[in-house]
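Work through the exercises below with the model open. Each task is followed by a stepwise solution.

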Amino acid sequence: KKKVIISTMANLVPRKNIQDVVKIFYKINLKMKNKFHLNIVGQGSEKNNLFKLIKYYKLEKNISIFSNLNDTKIASIFESSKFFFLFSKNYKHEFEGFGIVFLEAMYKKNIIFASRNGGMVDILKNNKNAFTFNAEKSNYKNKVLNIFFKIMSNKRLQKKITQNALRYSKNFSWEKNINLI
């Protein structure tokens, strides 16, 4: 049976907090063994730490890391993905800008789970086009898991979120914005 794909796409640096994505995925996999696969797309200083964490949790068969992908490959990852996770945190006064990656995920009908941090708060509306969390709080991972398992069994809510996300992402299309210039 085909696995449900969860993706994350970011620079693999501490601020992007990809280690928490792996830890959350580990808990998902514990509860629903081998039903999911996590695709991590990116490169950066945290890549080796992520490989170690994946090995520690024995998830080598359940998680793939991709780097240096062209736009076509990136689009195909979004296309095959059902969920998009990214839980950036405040780190050394680095600012989290506007998240184009979220718009791409929305456009490809991914259900987004993300932190409320930086520029993404402008586009991600909790319980409308995404599910957002305060990644600075210690219990946020449990909240992510609770909502994830709830939405897994609620096809109507999945459809509502993806339709709202797709509709919202179209506000940022070239066609729409070129006419405003």
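**Exercise 1. Determine which residues of strand 5 are buried on each of its faces.**

Solution. The model is predicted.
- Step 1: take one side of strand 5. I111, F113 and S115 lie there, and they are buried.
- Step 2: turn to the other side. I112 and A114 are buried there.
- Step 3: combine. Both faces of strand 5 are covered. The count agrees: five of its five residues are buried.

**Exercise 2. Find the strands that pair with strand 5 (residues 111–115), and name bridge partners.**

Solution.
- Step 1: look towards strand 4. It pairs with strand 5 in the parallel sense, over four bridges. Within strand 5, I111 stands opposite F83.
- Step 2: look towards strand 6. The pairing with strand 5 is again parallel, with three bridges.
- Step 3: read off partners in strand 6. F113 is bridged to F131. S115 has F133 as its bridge partner.

**Exercise 3. Give the strand order of the sheet and explain why two strands have a free side.**

Solution.
- Step 1: trace the order. Six strands form an open sheet, 3-2-1-4-5-6, with parallel pairing.
- Step 2: inspect the edges. Strand 3 (63–66) and strand 6 (131–133) each have a single partner strand, so one side of each lacks a neighbour in the sheet.
- Step 3: check the twist. On average, neighbouring strands are turned by 20 degrees against each other, direction ignored.

**Exercise 4. Identify the strands touched by helix 3 and those that helix 5 lies across.**

Solution.
- Step 1: take helix 3 (residues 71–80). It packs on the sheet and touches strand 1 (4–9), strand 2 (36–41), strand 3 and strand 4 (83–86). Its direction makes about 135 degrees with that of strand 1.
- Step 2: take helix 5 (residues 140–152). It lies across strands 1, 2, 4, 5 and 6. Against strand 6, helix 5 runs at about 165 degrees.

**Exercise 5. Place E46 and decide whether its charge is paired or unpaired in a salt bridge.**

Solution.
- Step 1: locate the residue. E46 sits in the loop between strand 2 and helix 2 (47–56).
- Step 2: test for a partner. The nearest side chain of opposite charge is K23, 9.1 Å away. A salt bridge requires the atoms to be within 4 Å.
- Step 3: conclude. E46 is buried, yet has no salt bridge.
- Step 4: list the surroundings. Leaving out residues up to four places away in sequence, E46 touches L12, V13, P14 and Q19.

Key
Residues are numbered from 1 along each chain as its sequence is written. This is a predicted model: local features need pLDDT of at least 70, side-chain atom pairs count only at pLDDT 80 or more; totals for chains, interfaces and linings use all residues. Side-chain values use heavy atoms; hydrogens and water are left out. Two strands pair if DSSP finds at least two bridges between them. Axes are lines fitted to C-alpha atoms, for helices over the stretch in contact, and angles run from 0 to 180 degrees between N-to-C directions. Contact means heavy atoms within 4.5 Å. Buried means under 20% relative accessible area, exposed over 50%, partly exposed in between (1.4 Å probe, protein chains only). Lys and Arg count as positive and Asp and Glu as negative; His and the chain ends are not counted.
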